[in-house]
Amino acid sequence: MNSRPTRCTRLAILSRAGGALAFPRPDGGRRPHLRAALSALVLSGALAGCGSSPPVHYYTLQGPAAQAPAGAVAPASFLIEVQPVTISTQADQPQLMVRTGDGSVSALYSERWSSPLGDELRGALSDALKRELGALDVQVVKPGPGAAVWRVQTDVQRFELVSGSMAQLDATWRVRPVNTNGSGLLCRSVVTEPVSDSAVPSLIAAQQRAVVSLAGAMASAIRGQTPAGSASVQMMGCSALKD
C-alpha cells in the first residue's frame, strides 16, 4: 500500500505547522515578512483547490408546458384536488437515485431534485391534469361551498431511473368525485419510458413523460372512460370505489 501523503495532505500539514512554501526570493532575503505573506497567499489558494467539488445540478419533473391549439380543451365545470403524493423511502431522497445494469443503486450527490420528490410528483401531476382537463387545482383557486371537485390520490410504489435503459413509474391511484356526479376508481398503472443513453437529462425527460402518461390515465377515469393501456402505460386493473 502506498503510504505517501497526498499533495493536499502535505499542504494541510504545512498550513497547520505555519510553514512557508519555497520559491525564488526576488527581495534577496531582506524582507522576510513579505516572503511570509506571499507564501500564505499561495498556500491558501492551493488548499482552496483541494476543497473544490463538482457543481450541483437541480432537476424538476414539471416539464415544459405543451402548447395546445386554441380551444382544444374547453374549461372544465369542476376543480381538481391533487393531494400529496406518497413515495417509497428509497426513492424519496434529495439526490437522484440511479439504478445501473448490475442491479446496484447509485446516489448522484451532484444531481438533485429542486424540491422534495413527493412535491415534484404532485406538482407535475397537477400541471398535466390541468392541461388534459382544462380544470384548475384547488391549491390555485379556493373552492366555494359545494363546489364540484375531483380528488386525486397517488401512492407510488416504484420510482425508477435506470441508466441507459428506462424510467419507470409504478403507482396506485384513486380519483373520486366530490359534490358532483361520477364514479370513483381505484387503479394501478405501470408506466415505462425508454431512454437511449445514460445521460441524466435523458432520464429526467423520460420520467417527465411517464408522469404525463400517468396523468392521461387519470384524466380518462375522471371523464368517465375506462383507462386504456398504451405503448408506455400498462394498466394492472381498476375497481370501483364505494361511496
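This is a guided tour of one protein structure, stop by stop, with a selection to make at each.

**Before starting**

The model is predicted, so local features are given at pLDDT of at least 70 and side-chain atom pairs at pLDDT 80 or more, while totals for chains, interfaces and linings use all residues. Residues are numbered from 1 along each chain as its sequence is written, and side-chain values use heavy atoms, with hydrogens and water left out.

**Stop 1: the whole protein**

Select everything and colour by pLDDT, the predictor's confidence in each residue, from 0 to 100. The mean pLDDT is 84, and 75% of the residues reach 70 or more. Now select residues 11-15, where pLDDT stays under 50. For this stretch the model has 11 contacts beyond four places in sequence; a contact means heavy atoms within 4.5 Å.

Switch to a cartoon view. It has 4 helices and 9 strands, and from the N terminus on the order is α-α-β-β-β-β-β-α-β-β-β-α-β. Helices (H or I, at least four residues) and strands (E, at least two) are DSSP runs, numbered from the N terminus.

Of the contacts with a separation of 6 or more, 68% join residues 24 or more positions apart. Show the surface next: the accessible area comes to about 13,700 Å², with 54% of it belonging to carbon and sulfur atoms. Such areas come from the Shrake-Rupley method with a 1.4 Å probe, and for residues only the protein chains shown count as cover. Buried residues make up 35% of the 243 residues. Here buried means under 20% relative accessible area, exposed over 50%, and partly exposed in between (1.4 Å probe, protein chains only).

**Stop 2: the largest pocket**

Rolling a probe the size of a water molecule over the atoms shows where empty space is left. A pocket is an open set of points on a 1 Å grid over the protein atoms alone, where a 1.4 Å probe fits, with protein on both sides within 12 Å along at least five of seven lines; lining residues have an atom within 4 Å of a point.

The largest pocket has a volume of about 190 Å³. Select Q90, A91, R99, F159 and E160, which are the closest to its centre of the 14 residues that line it. Then select β4 (95-99), β5 (105-113) and β6 (149-162), the elements that give two or more residues to the lining. The largest share, 5 residues, comes from β6. By type, the lining divides into 8 nonpolar, 3 polar and 3 charged residues. Ala, Val, Leu, Ile, Met, Phe, Trp, Tyr, Cys and Pro count as nonpolar, Asp, Glu, Lys and Arg as charged, and the others, Gly among them, as polar. The volume is the space filled by probe spheres set on the points, and grid points are joined across faces, edges and corners.

**Stop 3: Q95 and S126**

Stay with β4 and select Q95 in that strand. Q95 is buried, with a relative accessible area of 9%. Leaving aside neighbours within four places in sequence, its contacts are A107, L108, Y109, E111, R112 and W113.

Move to helix α3 (residues 117-133) and select S126. S126 is buried as its relative accessible area is 2%. Beyond four places in sequence, S126 touches I80, V82 and D137.

**Stop 4: A167 and R209**

Select A167 in strand β7. With a relative accessible area of 0%, A167 is buried. Not counting neighbours within four places in sequence, A167 is in contact with E160, L161, V191, T192, E193, L203, A206 and Q207. Add V195: A167 and V195 are 28 residues apart in sequence and 7.4 Å apart in space, C-alpha to C-alpha.

Next, find R209 in helix α4 (residues 200-222). R209 is partly exposed, at 37% relative accessibility. Outside its neighbours up to four places away in sequence, R209 touches E193 and P194. From R209 to S232 is 23 residues in sequence and 9.4 Å in space, C-alpha to C-alpha.

**Stop 5: the loop between β7 and β8**

Select N179 in this loop. N179 is exposed, with a relative accessible area of 52%. Its phi is positive, about 60 degrees, although N179 is not a glycine. Most residues other than glycine have a negative phi.

End at N181, in the loop between β7 (166-178) and β8 (185-194). N181 counts as exposed because its relative accessibility is 74%. Select G224 as well: N181 and G224 are 43 residues apart in sequence and 9.9 Å apart in space, C-alpha to C-alpha.
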